[in-house]
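Q: Please take a close look at one helix in this model and at what lies around it. A plain description will do.

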Amino acid sequence: MTFLNFVFIGALTGLAAMMAAVQSPLVDPNAGVGLELLVIAGVVVGGVSISGGRGNLWGVFAGLLLLSCISPALTYFSISAYWEKAIQGGIILLAVVADGLRSRKNKNN
Amino acid sequence: MSSTSKSHGWKSLLLSHEFILFAVVVAEWIFFYFIATSKNYTGHTVGFGTMDAQFDILRHTCEIGLLALVMTPIILTGGIDLSVGSVLGVSAIIFGKLWHDEHFSIPAAICGALIIGASAGGLNAFLITWLRLPPLIVTLGTYSLFRGLAEAITHGSITYTGFPDSFNYLGQERWLGMPAQLPIFVIVAIGVWLLVHRMTFGRSFRAIGYAPEGARYAGLPVERRLAMVYVLAGVVAALAGIIYTARLGEAKADSGTGYELFAITAVVLGGTSIFGGVGSVHGTLLGVAAVAILKNGISLAHGSTEMADMLTGVLLILALSASIVPKILSKRPARVQTVPSTPQPTPTT
């Protein structure tokens, strides 16, 4: 199963690369640098436990949507776009702290 | 560590991870000495084999070496710190801003940057120990946060330049014939080596990495030890940021981008288990040397950086497989070698 997981994610990355390639006439070998960390962040913000065993796909969609909404939202509120990463980091930390507080509460009960 | 090699004699010393890695480093060095050294039209030797090139490699590796050094105790405890590169960036920016905009003196600005580094490490430590959150995800968050702060402070465009020569000396000149930042690196390396290999702290790091609950029951102050390694990483990352600024003569928001993965590569290549509990500082130093010689050697041999990145990846996978294969062959469960004994006697209840 682990083996198939990694084959599958490779295939999906190929699909994602194709979708990125059709968006612009330029194919850049540096495309997607840093995206892996953003993806992990989206998955975790979406409620998937980093130690495994808990999570669902709808949460992941919501998490990715939240993180990718930051940039347009900043433009809308006319805040400098350079705050995007800081706000992303803040959201990730909020999500993990909320998760940590919840599991702490559960342990105490 | 040396405990296994002592009990099995020279044979296991020759087969130890550090020794094999040392041989790889020497082989790399000899390879590039012959591949990347040439004579130019005036008859002067240029390329890898010159003293200047060697010093240049040391100079360029100093910051990553510092990050790898403090990453070692963190990975020993079974944790990870993805935020060191971002802490480097934000400290460099704070240093530049304090000096340039707030008119601090250079030593005061350095202190300010180190305090920022310590608080950044402190934030990591707080979240990891207080809520017992996984270090991977906490430092992934602070990785974005600190880099974002650096970009927000500079609006992505300002770079602080015009530092006095006395400061740039630290990054660009020679002191007693060697690169001026080298003594700092050596001092930090000795400090971390003593911490991990000659103090009870090192043993508690291994104990925490091997079995955190066991370490807690053995009476180790697990939270305090963890906080210590993350704050140390923050401070040294800030120091690396100052050296980086001095080397380039400018403080910019993208300082040290990607350095965290470089440092983790060097640590894992050096034989430290990513699951914690097993590893050494001298292994990390060899790992840094292996990656640095490979990258700089390929660029001096007019190869592309992509090829260097690819070969670094291949080297890492080979090193990981090399440590796994004997275990599979002897069918022992992983991570049974060098079980650390706890420094304090287990309280009997």
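Which residue just after α3(A) takes a positive phi?

A: That residue is Ser78(A), with a phi of about 45°. The model is a predicted one, and the angle is computed from its atoms.

The helix before Ser78(A), α3 of chain A, covers residues 57-76, 20 residues in total. From its first C-alpha to its last, α3(A) reaches 29 Å. At 1.5 Å a residue, 28 Å would be expected, and the computed span is close to that. The helix is nevertheless kinked: a bend of about 35° lies at Ile70(A). The proline Pro72(A) follows shortly after that kink.

Further along chain A comes α4, residues 84-108, which takes part in the contact with chain B. Across the two chains, 23 residues of chain A are in contact with 21 residues of chain B. On the chain A side, α2 (35-45) and α4 (84-108) each supply at least two residues. The largest share comes from α4(A), with 14 residues. By residue type, the side of chain A that touches chain B divides into 14 nonpolar, 6 polar and 3 charged residues.

As for the partner, chain B has 15 helices and 6 strands. Of its 349 residues, 48% are buried. Among contacts in chain B with a separation of 6 or more, 75% are between residues 24 or more positions apart.

How values were computed. Residues are numbered from 1 along each chain as its sequence is written. Chains are lettered from A and ligands numbered from 1 in the order in which they are written. This is a predicted model: local features need pLDDT of at least 70, side-chain atom pairs count only at pLDDT 80 or more; totals for chains, interfaces and linings use all residues. Two residues are in contact if their C-beta atoms, placed from the backbone, lie within 7 Å. Helices (H or I, at least four residues) and strands (E, at least two) are DSSP runs, numbered from the N terminus. Ala, Val, Leu, Ile, Met, Phe, Trp, Tyr, Cys and Pro count as nonpolar, Asp, Glu, Lys and Arg as charged, and the others, Gly among them, as polar. A residue is buried if 20 or more other C-beta atoms lie within 10 Å of its own, exposed if 12 or fewer, and partly exposed in between; C-beta atoms are placed from the backbone. The expected span of a helix is 1.5 Å times one less than its number of residues. The bend at a residue is the angle between axes fitted to the seven residues ending there and the seven starting there.
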